[in-house]
Amino acid sequence: MLELKNITKTFGNVVANDGVSIRIEKGTIHAIVGENGAGKSTIMRVAYGFYTADSGEVYVDGKAVQIKNPHDAIALKIGMVHQHFMLVDTMTVAENIILGAETGGAANLDLERANKDILALSNELRLGVDPRARIEDISVGAQQRVELLKALYRNAKLLILDEPTAVLTPQETEEFFGILRRMRAAGKTIIIITHKLEEVLAISDFVTVMRDGRVVGNVKTAETSAKDLARMIVGRDVLLTVEKTDAQPKEAVLTVENLSVKNAHGDALDKVSFQVRAGEIVGVAGIEGNGQTELIEAVAGLVANANQNGKIYFEGQNITNLSARRRKELGIAHIPEDRHKRGLLLDSDLEENSILGVHYRLPVASGGFLNSTVIETRAKEIIERFDVRPPNPQLSARALSGGNQQKLIIGREFELNPKLLLVSQPTRGVDIGAIEFIHRKLIALRDAGTAVLLVSAELEEVTALSDRLLVIRQGKIVGEVNPAETSNEEIGLMMTSGN
Ligand SMILES: Nc1ncnc2c1ncn2[C@@H]1O[C@H](COP(=O)(O)OP(=O)(O)O)[C@@H](O)[C@H]1O
Ligand SMILES: [Mg+2]
């Protein structure tokens with residue numbers, strides 16, 4: 001279906017693709033894996049005409065082709081769903097699909113007909129998308145299906161999906177894979193980029209592994225394993241499990257009593273009570289959107305008093321009415337789930353980002369002035385200890401891959417030596433080498449006596465890291481389990497249904 005031969009693509013002096021050759025068989029699902037920065041998105045963007053290669057050849061259906069822009073790709077029946085969706089929030093599904101920026105805007109639209117066609121297409125693959133719904137009113141999972149529909153509406157036979165599952169919950173991912181299988185059965189060819197090895201094993205027929213801009217392996221999925229793939233991806237053996245000793249919890253650091261939180265949709269958290277002690281990791285397992293975000297934000301001090309009820313104690317002190325800044329000063333650090341919204345200033349450099357939250361106080365600032373020597377040293381330390389790549393403090397945060405942005409935030413929050421760490425989705429979108437690293441750091445922090453409250457949509461992650469696990473459903477804690485003695489099936493059941 002598609003053959004890329006000897007593609008080289010450079011950005012300035014960065015060689016993003018170095019003589020990359022990949023062959024994609026018709027009617028298969030082909031996974032592309034590799035660490036952040038390995039060159040996966042670049043090679044796929046070359047295939048879609050988003051970038052022009054410096055050299056190399058592209059064949060579609062055995063014929064040499066020139067793909068100079070996405071129009072050329074669409075004409076060759078190639079569609080791509082990017083890592084970040086390109087939808088207009090205030091328009092409907094159908095409007096987005098027919099007005100997609102890449103078609104250049106059709107003049108005489110027949111919206112009614114489009115609505116019908118899109119509905120038919122959606123029903124055919126059981127996508128459950130309403131063409132008349134506004135983008136801002138539908139879930140992230142549904143938005144992704146709109147992106148798929150957009151490509152299918154233009155008759156794409158080859159679909160390139162760049163990390164489509166990074167934004168999905170495990171349940172949405174399962175549904176999504178059902179759709180991909182139906183598409184394959186209907187004769188489509190699919191290329192999928194993902195970091196999650198279980199997903200690669202579950203969905204793909206073939207796997208191409210990239211490292212440092214090159215292809216380092218091509219395997220049949222049936223003939224490989226998570227362990228082998230991990231070794232190829234990172235270039236060394238990787239621990240896929242978390243190694244830790246039993247926790248030695250000390251006194252209670254965080255006590256939450258009857259905490260309720262309202263958000264725009266109603267009651268998000270309903271009379272939640274629990275404790276986290278020094279030296280333990282307490283996990284919160286649940287399907288996303290069941291109150292986890294509100295819980296973490298309430299403890300961090302980011303929920304308005306009017307929207308919240310109940311009491312929060314930190315080391316015995318009632319902090320319910322303290323500001324987020326005051327709580328941080330007391331020793332509460334927060335690694336937020338939304339790196340772009342709450343974690344970083346994307347257009348500021350790594351030095352500035354490494355002092356966010358402490359930028360106004362000693363030793364970073366005194367008498368209204370920033371201390372540049374202290375800031376430089378601090379940024380350098382974080383970059384070194386947390387292996388932020390590329391290690392250039394003057395780079396803007398935007399220039400880092402998602403995994404490296406996450407390492408920077410984690411490094412910055414660890415630097416505070418917190419007594420309590422609130423951490424949401426610590427490894428979302430992060431590659432396996434960095435996941436191993438982040439997990440080790442979290443365990444080390446626990447062993448040094450920090451109390452950790454962890455939320456993750458990855459059940460494997462939250463069960464592997466936590467010493468105690470609270471299960472949350474519809475804003476209520478419905479149970480506490482010892483994750484070492486409870487199966488994921490049991491926990492999954494508690495997350496989804498009452499008993
Ligand atoms: N538009 C760009 N400008 C400059 N450098 C880029 C650009 N896109 C990618 N790169 C660099 O090329 C390399 C490969 O990036 P990418 O293809 O995005 O990797 P992956 O998708 O595997 O994480 C990285 O070093 C990245 O920083
Ligand atoms: Mg990418």
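Before starting, a yardstick: angles under 35 degrees count as roughly parallel, over 145 as roughly antiparallel, 65 to 115 as roughly perpendicular, and the rest as oblique. This is a predicted model, where local features need pLDDT of at least 70 and side-chain atom pairs count only at pLDDT 80 or more, while totals for chains, interfaces and linings use all residues. Residues are numbered from 1 along each chain as its sequence is written, and chains are lettered from A and ligands numbered from 1 in the order in which they are written.

**Exercise 1. Work out how H14 and H15 sit against each other.**

Step 1: find the helices, which are DSSP runs of H or I with at least four residues; strands are E runs of at least two, and both are numbered from the N terminus. The axes of H14 (residues 402-414) and H15 come within 11 Å and cross at roughly 10 degrees. Axes here are lines fitted to C-alpha atoms, for helices over the stretch in contact, and angles run from 0 to 180 degrees between N-to-C directions.

Step 2: apply the yardstick. H14 and H15 are therefore roughly parallel to each other.

Step 3: list who touches whom, contact meaning C-beta atoms, placed from the backbone, within 7 Å. H14 brings Gly403, Lys407, Ile410 and Phe414, and H15 answers with Ala434, Ile438, Lys441 and Leu445.

Step 4: sort them by class. Ala, Val, Leu, Ile, Met, Phe, Trp, Tyr, Cys and Pro count as nonpolar, Asp, Glu, Lys and Arg as charged, and the others, Gly among them, as polar. That gives five nonpolar, one polar and two charged residues.

**Exercise 2. Do the same for H4 and H5: at what angle do they cross?**

Step 1: the axes of H4 (residues 111-124) and H5 (residues 140-153) come within 11 Å, crossing at roughly 110 degrees. So H4 is roughly perpendicular to H5.

Step 2: Ile118, Leu121 and Ser122 of H4 meet Leu149, Leu152 and Tyr153 of H5. The H4-H5 contact has five nonpolar, one polar and no charged residues.

**Exercise 3. Lay out the sheet that contains E16, then find what packs on it.**

Step 1: write the order. This open sheet of six strands runs E16-E19-E20-E13-E21-E22, with mixed pairing. Two strands pair if DSSP finds at least two bridges between them.

Step 2: mark the edges. E16 (332-335) and E22 (476-481) each pair on one side only. The average twist from one strand to the next is 20 degrees.

Step 3: zoom in on one pair. E16 and E19 (residues 420-424) run parallel, joined by four bridges. His334 stands opposite Leu422 in E19.

Step 4: add the helices. H15 (residues 432-447) packs on the sheet, touching E13, E19 and E20, and its direction makes about 145 degrees with that of E20. H9 (residues 292-300) lies across E13, E16, E19, E20 and E21, at about 150 degrees to E19.

**Exercise 4. Describe the shell around ligand 1: which element supplies the largest share?**

Step 1: residues near the ligand have a C-beta atom, placed from the backbone, within 6 Å of it. Among them are Phe11, Asn36, Lys40 and Ser401.

Step 2: E2 (14-24) and H1 (40-47) each supply at least two shell residues. The largest share, three residues, comes from H1.

Step 3: by class, the shell has four nonpolar, seven polar and one charged residues.

Note on methods:
Two residues are in contact if their C-beta atoms, placed from the backbone, lie within 7 Å.
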